[in-house]
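Subject: A structure for you to look through

Dear colleague,

I am handing over a structure that I would like you to open beside this message. Please look through it at your own pace, and then read on for what was found in it.

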Amino acid sequence: MRERLGSGPRIVRALFAAILALGVPIAIALPTDLNGKVYASGAVVLIAAAAAILAAALLRRRKGPADASRVAAPRSAQDDPSGTGRWSLELLRRLEWRRFEELCAAYYEVAEGADKPPSVVQCKPSSVYTVGIKPVRELRAAMAAAGVPQGVLVACGTFTSEAKEFSRGENIQLIDGGELLRKIGALAPEQGQALLKLATAGDFSTPTCPACGIKMTARTSSTEGRKFWGCLNYPRCKRTFFGASNAPA
């Protein structure tokens, strides 16, 4: 018993000592005969030991899940140099537009139940920092065309106050990057890992040409020297992307 208590945390040893310090004098003072004093003192020792063991067990139980999560998650950039081992806002912003849309579709397929009312869900992956009112109005127009009373707009970045104010009166839910990560984090661990695997499979950062459906290539402007993404089918296809968080190296 002494070894078990000695290896425990300080709070357990302090509890054991406090019960002895308070209980033994009372136990000795109350009984009138010697046998009663001995039995009472022994009872105090047993109560103190039981309380300390119970406290140690409760502390281990509380610390167990937290310790396991710290071991399972990468602790530094050196443990996960690619940044793809866990969810983060930086990783979310690195996803090209098509992969971000695939992630959103996969999330709602997992999270939404059959009893949920129909909603028009749109994504705004290209705006990784601030999203204004224009895409919110476009979503409202799509809701009216589809005859659906609810809408959801998901973005990597945050929404302006004007966009938030407009959405409140139009039954539109705005989900920024931080909120999307919280929603993914609320899923079962295996579901969150499955979404992470989907999001980071293969080349997830090079944009896909929206017209040709193929990965774009890094190009440099001949006038400004600015790097951008261009379609491999140029000059037949002149689609370009000037990425923010996933600009060409």
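Helices and strands here are DSSP runs, a helix having at least four residues and a strand at least two, and they are numbered from the N terminus. With that in mind, Pro-235 can be placed in the loop between β7 and β8, the latter covering 240-241. The peptide bond that leads from Tyr-234 to Pro-235 is cis, with omega near 10°.

Please keep in mind throughout that this is a predicted model. The average pLDDT of the protein is 79, and 63% of the residues score at least 70. Over residues 1-7 the pLDDT stays under 50, and the model has nine contacts beyond four places in sequence for them; over residues 64-75 it also stays under 50, with four such contacts. Where pLDDT is low, the predicted coordinates should not be read in detail.

As for the protein as a whole, it has nine helices and eight strands, and 31% of its 249 residues count as buried. Its accessible surface comes to about 15400 Å², and 56% of that belongs to carbon and sulfur atoms. If you take the contacts between residues at least 6 apart in sequence, 56% of them join residues at least 24 apart.

Which residues of the largest nonpolar core touch the most other members? This core has 22 residues, and the ones in question are Trp-87, Leu-92, Phe-100, Val-154 and Leu-195. At least two residues of the core come from each of α4 (89-94), α5 (97-111), β3 (151-155), α8 (177-185) and α9 (189-200), and α5 gives the most, with six residues. In soluble globular proteins, nonpolar side chains tend to be buried together. To follow one member outwards, you could select Val-154, which, leaving aside its neighbours within four places in sequence, is in contact with residues including Phe-100, Cys-104, Tyr-108, Ile-175 and Leu-180. There is also a second, separate core of twelve residues, among them Val-136, Met-143, Phe-159 and Leu-174.

Helix α8 repays a careful look, and you may want to view it end-on. Its residues Gly-177, Leu-180 and Ile-184 are buried, and, seen down the helix axis, the buried residues of α8 fall within an arc of 60°, so they line one face of the helix. The face turned away from that buried side carries the exposed residues Arg-182 and Gly-185. The buried residues of α8 pack against α4, α5, β3, β5 (172-175) and α9. At the N-terminal end of α8, Asp-176 acts as a cap, with a side-chain oxygen 3.3 Å from the backbone nitrogen of Gly-178.

Helix α7, which covers residues 161-168, includes Ser-167, and Ala-163 is found in α7 as well. Is Ala-163 buried or exposed? Ala-163 counts as buried because its relative accessibility is 0%, and the cut-off for buried is under 20%. Although Ala-163 and Leu-174 are eleven residues apart in sequence, their C-alpha atoms are 8.7 Å apart in space. Beyond its neighbours within four places in sequence, Ala-163 is in contact with Val-131, Gly-132, Ile-133, Val-136 and Leu-174. Ser-167 counts as buried too, at 5% relative accessibility, and, with the neighbours within four places in sequence again left aside, Ser-167 is in contact with Val-136, Ile-172 and Leu-174. A polar atom of the Ser-167 side chain lies 2.8 Å from the backbone oxygen of Lys-164.

Just after this helix, in the loop between α7 and β5, you will find Asn-171, which has a positive phi of about 60° although it is not a glycine. Asn-171 is partly exposed, with a relative accessible area of 44%.

The last residue to look at is Ser-221, which sits in the loop between β6 (217-220) and β7 (227-230) and is buried, with a relative accessible area of 17%. Its side chain makes a polar contact of 3.2 Å with the side chain of Thr-223, and a polar atom of the Ser-221 side chain lies 3.3 Å from the backbone nitrogen of Glu-224. Not counting residues up to four places away in sequence, Ser-221 touches Arg-226 and Phe-228.

With best wishes

Definitions and conventions: Residues numbered from 1 in each chain as written. Predicted model: local features only at pLDDT ≥ 70, side-chain atom pairs only at ≥ 80, totals over all residues. Heavy atoms only, no water. Buried < 20%, exposed > 50% of the residue type's maximum accessible area, 1.4 Å probe, protein only. Polar contact = N/O pair within 3.5 Å; in protein donor to acceptor, adjacent residues only side chain to side chain. Contact = heavy atoms within 4.5 Å. Core = buried A, V, L, I, M, F, W, Y, C linked by side-chain atoms within 4.5 Å. Areas by Shrake-Rupley, 256 points an atom, 1.4 Å probe, with all protein chains shown as cover. Arc of directions from axis to C-beta. pLDDT = per-residue confidence, 0-100.
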